[in-house]
Amino acid sequence: MVTTWDPAAYLTFDDHRSRPFYDLIARIGAQMPRRVVDLGCGPGHLTPVLARRWPDAEIVALDASPEMVAAARERGIAAELADAADWEPGPADDVVVTNAVLQWVPQHRELLPRWIAALPAGGWFAMQVPGNFAAPSHALVRELAAEPRWAGRVTLRGTEAVAEPTEYAELIAGAGARADVWETTYLQRLTGSDPVLRWIEGTALRPVRDALDEDAYAAFTAELAPRLRAAYPPRPDGSTWFPFRRIFAVAHRLD
């Protein structure tokens, strides 16, 4: 099933979603790249950051979602429709950045060594993926979807959607590149009513929204909301702490 994206919903928590991007590109040491690829650019809100970092480079923005490409173009980004699963680096693609994308590409473990091998000498490949698929925010969705009322109606990703940091380091090293791999858990302060539900509506719940009609989706989220509130209780001031683990990997091809 092709996931339908809502750029506005995705940008609801823009500050929290953007912070890992800055942490990722800070570890890229490229000085004067010819071309920088934003692979999975989403609504294009972070693509200008790449242009400011490398003002002399050609910036290429790609995304598999027509909705996201349209939103990026509304921002003035010359985004193009392209699926990461079918993409290959070009001979001038000195920097490739893929931020919170590869968890949606089941075969990315097989693609990663191929992409790195195709980079030009001195090229950089930087990726960031969420590492919280075992967290209550995702586990509770899978548990609910497996209950009799919903079983067979929704297909969700499990913990296998992303690898652990060591596996990414081994894949990069095995491809002959220098690996810089780490993880960070951001303790995000969310506010408002059912903030964790609103967060995952922009990402993890998109396959649920695509699989169910409007009434069924409303019933699903009504069942899910109290479970999320129990797992992530609000503080006395009404805010909610939401731990979010992210996995980062930067490959630098030296030859």
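**Asking why in a predicted model**

Mentor: Let's start with Asp194, which sits in the loop between strand 6 (177–190) and helix 8. Keep in mind that this is a predicted model.

Trainee: What makes the phi of Asp194 worth a remark?

Mentor: Phi of Asp194 is near 45°, a positive value, and the residue is something other than glycine. Ala100 can be set beside Asp194: Ala100 has a positive phi of about 55° and is not a glycine either. You will find Ala100 in the loop between strand 4 (93–99) and helix 5.

Trainee: Why is Ala100 called buried?

Mentor: Its relative accessible area is 16%. Buried means under 20%, so Ala100, at 16%, counts as buried.

Trainee: And Gln107, what makes that residue partly exposed?

Mentor: Gln107 belongs to the loop between strand 4 and helix 5. Its relative accessibility is 31%. Partly exposed covers the range between the buried limit of 20% and the exposed limit of 50%, so Gln107, at 31%, is partly exposed.

Trainee: How do you know whether Leu224 is buried or exposed?

Mentor: The same check works here. Leu224 has 0% relative accessibility, and the limit for buried is under 20%, so Leu224 counts as buried. Leu224 is part of helix 10.

Trainee: Which residues does Leu224 touch, leaving out those up to four places away in sequence?

Mentor: They are Leu140, Val141, Leu144, Leu197, Ile200 and Leu205. Leu140, Val141 and Leu144 also appear among the buried residues of helix 6, together with Ser137, His138, Ala139 and Ala145. The buried residues of helix 6 pack against helix 8 (195–201), helix 9 (206–211), helix 10 (214–231) and strand 7 (240–253).

Trainee: What makes Arg149 a contact partner of residues far along the chain?

Mentor: Arg149 is in the loop between helix 6 and helix 7. With residues up to four places away in sequence left out, Arg149 touches Ala219 and Glu223. Contact means heavy atoms within 4.5 Å. As for Phe220, Arg149 is 71 residues from it in sequence and 9.5 Å from it in space, C-alpha to C-alpha.

Trainee: How many cavities are counted?

Mentor: The count comes to one cavity of 30 Å³ or more. The volume of the largest cavity is about 70 Å³. Helix 6 (residues 136–146) gives the most to the lining, with three residues.

Trainee: What makes up the lining of that cavity?

Mentor: Phe133, His138, Val141, Arg142, Leu156, Arg157, Ala204 and Pro207 line the largest cavity. By class, the lining has five nonpolar, one polar and two charged residues. Arg counts as charged, so Arg142 and Arg157 are the two charged ones.

Trainee: How do helix 5 and helix 7 pack?

Mentor: Helix 5 (residues 108–118) and helix 7 (residues 165–174) pack at an angle of about 35°, and their axes are 9 Å apart. The crossing of helix 5 past helix 7 is right-handed. From helix 5, His108, Arg109, Leu112, Pro113 and Ile116 meet Glu167, Tyr168, Leu171 and Ile172 of helix 7. That contact has six nonpolar, one polar and two charged residues.

Terms used:
Residues numbered from 1 in each chain as written. Predicted model: local features only at pLDDT ≥ 70, side-chain atom pairs only at ≥ 80, totals over all residues. Heavy atoms only, no water. 1 Å grid on protein atoms, 1.4 Å probe; cavity = no way out; pocket = protein on both sides within 12 Å on 5 of 7 lines; lining within 4 Å. Points joined across faces, edges and corners; volume = space filled by probe spheres on them. Helix = DSSP H or I, 4+ residues; strand = E, 2+ residues; numbered from the N terminus. Axes fitted to C-alpha atoms, helices over the stretch in contact; angles between N-to-C directions. Left-handed = near helix turned anticlockwise from the far one by under 90°. Buried < 20%, exposed > 50% of the residue type's maximum accessible area, 1.4 Å probe, protein only.
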